[in-house]
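Subject: Handing over a structure, with notes on what was found

Dear colleague,

I am passing on the structure below, together with some notes that I hope will help you find your way around it. Please have it open beside this message as you read.

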Amino acid sequence: VSVVRGMEIAWQRVEVGSPVIGQTLAELNIRSRVGVSVIALIRDQAVIANPRSDTQFQPDDLLGLLGAP
């Protein structure tokens with residue numbers, strides 16, 4: 001977790017069996033629902049910066065989240 005000018009960056013893994021698996025960023029509407037933005041996704045050791053809204057979450061994805069602490 002890192003805090004910069006009133007914003008916090010945190011990393012969250014998509015666990016096996018998570019209800020978000022198979023859903024897209026747009027479908028989940030994470031920013032409106034919980035107030036954080038997905039700013040990065042690490043999948044298979046590759047970094048996807050600013051994932052597209054049609055990105056589907058998979059087990060073991062690591063999400064970079066930005067929001068107020």
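To begin with a question, how many residues lie between β3 and β4 in the hairpin that they form, and which residue in the turn has a positive phi? There are 2 residues between the two strands, and D44 is the one in the turn with a positive phi, of about 50°. Please bear in mind throughout that this is a predicted model.

The strands

Strand β3 covers residues 36-43 and strand β4 covers residues 46-49, and the two run antiparallel, joined by 4 bridges. Within this pairing, L41 has I48 in β4 as its bridge partner.

Strand β3 also pairs with β5, again in an antiparallel arrangement, and here 6 bridges join the two. If you wish to locate this pairing in the viewer, you could start from V36, which stands opposite G67 in β5. Strand β5 is in turn joined by 6 bridges to strand β2 (residues 7-13), and these two also run antiparallel, with W11 standing opposite G64 in β5. As for how enclosed this strand is, 5 of the 6 residues of β5 are buried, so the strand is largely enclosed by the rest of the structure.

The nonpolar core

The largest nonpolar core is made up of 10 residues, namely V14, L25, L28, I30, V36, V38, L41, F57, L63 and L65. Two or more residues of this core come from each of α1 (25-28), β3 and β5, and β3 gives the largest share, with 3 residues.

One member of this core, L65, is worth following in some detail through its contacts. When its neighbours within four places in sequence are left aside, L65 is in contact with E8, I9, A10 and Q12, and also with V36, S37, V38 and I39. Two of these partners, V36 and V38, are listed with L65 in the core itself.

The salt bridges

How many salt bridges are there in the model? The count comes to 2, and it may help to take them one at a time, after recalling that side chains of opposite charge can pair when their charged atoms come close.

In one of them, the side chains of R43 and D61 meet, with a distance of 2.7 Å from N to O. Because R43 lies in strand β3, whereas D61 lies in the loop between β4 and β5 (62-67), this pair ties together parts that are 18 residues apart in sequence. Are the two partners buried or exposed? R43 has a relative accessibility of 18% and therefore counts as buried, the cut-off being under 20%, while D61 is buried as well, with a relative accessible area of 1%. The surroundings of R43 can be described further, since, leaving aside neighbours within four places in sequence, R43 is in contact with T55, Q56, F57, Q58 and D61. Among these, F57 is also a member of the largest nonpolar core.

In the other, D54 forms a salt bridge with R52, and the closest N and O atoms are 2.7 Å apart. Here D54 counts as partly exposed, at 44% relative accessibility, and R52 is exposed, with a relative accessible area of 57%.

With kind regards

Key:
Residues are numbered from 1 along each chain as its sequence is written. This is a predicted model: local features need pLDDT of at least 70, side-chain atom pairs count only at pLDDT 80 or more; totals for chains, interfaces and linings use all residues. Side-chain values use heavy atoms; hydrogens and water are left out. Two strands pair if DSSP finds at least two bridges between them. A salt bridge is a side-chain nitrogen of Lys or Arg within 4 Å of a carboxyl oxygen of Asp or Glu. Buried means under 20% relative accessible area, exposed over 50%, partly exposed in between (1.4 Å probe, protein chains only). A nonpolar core is a set of buried Ala, Val, Leu, Ile, Met, Phe, Trp, Tyr and Cys residues joined through side-chain atoms within 4.5 Å. Contact means heavy atoms within 4.5 Å.
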